[in-house]
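This report describes one protein model, beginning with a single residue and its surroundings and then turning to the pockets and to the confidence of the prediction.

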Amino acid sequence: ADGDGTVNLEETRTWLEFLEENGISDANWALNDKSEACSALLPGSSASGWSEENLTQSGAFVRAALRGELPHFHQPGSGQPGVP
């Protein structure tokens with residue numbers, strides 16, 4: 001895996017819930033600003049002082065997870081309702 005595939009946020013949410021229920025810790029794949037799907041920051045973001053505008057979809061999801069505020073994200077083509 002190189003971090004540049006697709007990000008399935010509903011599947012990620014399912015795994016995070018499983019980990020939480022079973023007392024298993026987790027970690028984010030990447031905290032960088034590379035142009036990859038799993039990067040938390042948009043390309044060109046500074047080394048510190050990030051705002052919500054600096055986060056990728058993956059980064060916003062991880063931020064929400066850390067805050068206990070996971071929304072349901074709509075995956076294009078999934079036929080599932082959710083928040084884009």
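Leaving aside its neighbours within four places in sequence, Ser-45 is in contact with Asp-33, Trp-50 and Asn-54. The model in which these contacts are found is a predicted one, and Ser-45 itself lies there in the loop between H1 and H2. The side chain of Ser-45 also reaches the backbone oxygen of Leu-42, at 2.8 Å. Ser-45 has a relative accessible area of 11%, and because buried means under 20% relative accessible area, Ser-45 counts as buried.

**Overall build**

The protein has two helices and zero strands. Of its 84 residues, 24% are buried, Ser-45 being one that is buried. When contacts between residues at least 6 apart in sequence are considered, 37% of them join residues at least 24 apart.

**The two pockets**

The table sets out the volume and the lining of each pocket.

| Pocket | Volume | Nonpolar lining residues | Polar lining residues | Charged lining residues |
|---|---|---|---|---|
| Largest pocket | about 570 Å³ | 14 residues | six residues | four residues |
| Second largest pocket | about 190 Å³ | seven residues | two residues | two residues |

The largest pocket holds about 570 Å³ of space, and among the 24 residues that line it, those closest to its centre are Thr-12, Leu-16, Asp-26, Ala-27 and Val-62. Helix H1, which spans residues 9-21, and helix H2, which spans residues 57-66, each supply at least two residues of this lining, with the largest share, eight residues, coming from H1.

The second largest pocket is lined by Asn-28, Leu-31, Ala-40, Leu-41, Trp-50, Leu-55, Gly-59, Val-62, Arg-63, Leu-66 and Arg-67. Two of these names have been met already: Val-62 is among the residues closest to the centre of the largest pocket, and Trp-50 is one of the contacts of Ser-45.

**Confidence in the model**

How far does the predictor's confidence extend over the protein, and what is the average pLDDT? The average is 81, and 77% of the residues score at least 70. Over residues 78-84, however, the pLDDT is below 50, although this stretch has eleven contacts in the model beyond near neighbours in sequence.

Note on methods
Residues are numbered from 1 along each chain as its sequence is written. This is a predicted model: local features need pLDDT of at least 70, side-chain atom pairs count only at pLDDT 80 or more; totals for chains, interfaces and linings use all residues. Side-chain values use heavy atoms; hydrogens and water are left out. On a 1 Å grid over the protein atoms alone, a cavity is a set of points where a 1.4 Å probe fits but cannot get out, and a pocket is an open set with protein on both sides within 12 Å along at least five of seven lines; lining residues have an atom within 4 Å of a point. Grid points are joined across faces, edges and corners, and a volume is the space filled by probe spheres set on the points. Helices (H or I, at least four residues) and strands (E, at least two) are DSSP runs, numbered from the N terminus. Ala, Val, Leu, Ile, Met, Phe, Trp, Tyr, Cys and Pro count as nonpolar, Asp, Glu, Lys and Arg as charged, and the others, Gly among them, as polar. pLDDT is the predictor's confidence in each residue, from 0 to 100. Contact means heavy atoms within 4.5 Å. Buried means under 20% relative accessible area, exposed over 50%, partly exposed in between (1.4 Å probe, protein chains only). A polar contact is a pair of N or O atoms within 3.5 Å; within protein, one must be able to donate a hydrogen and the other to accept it, and residues adjacent in sequence count only if both atoms are side-chain atoms.
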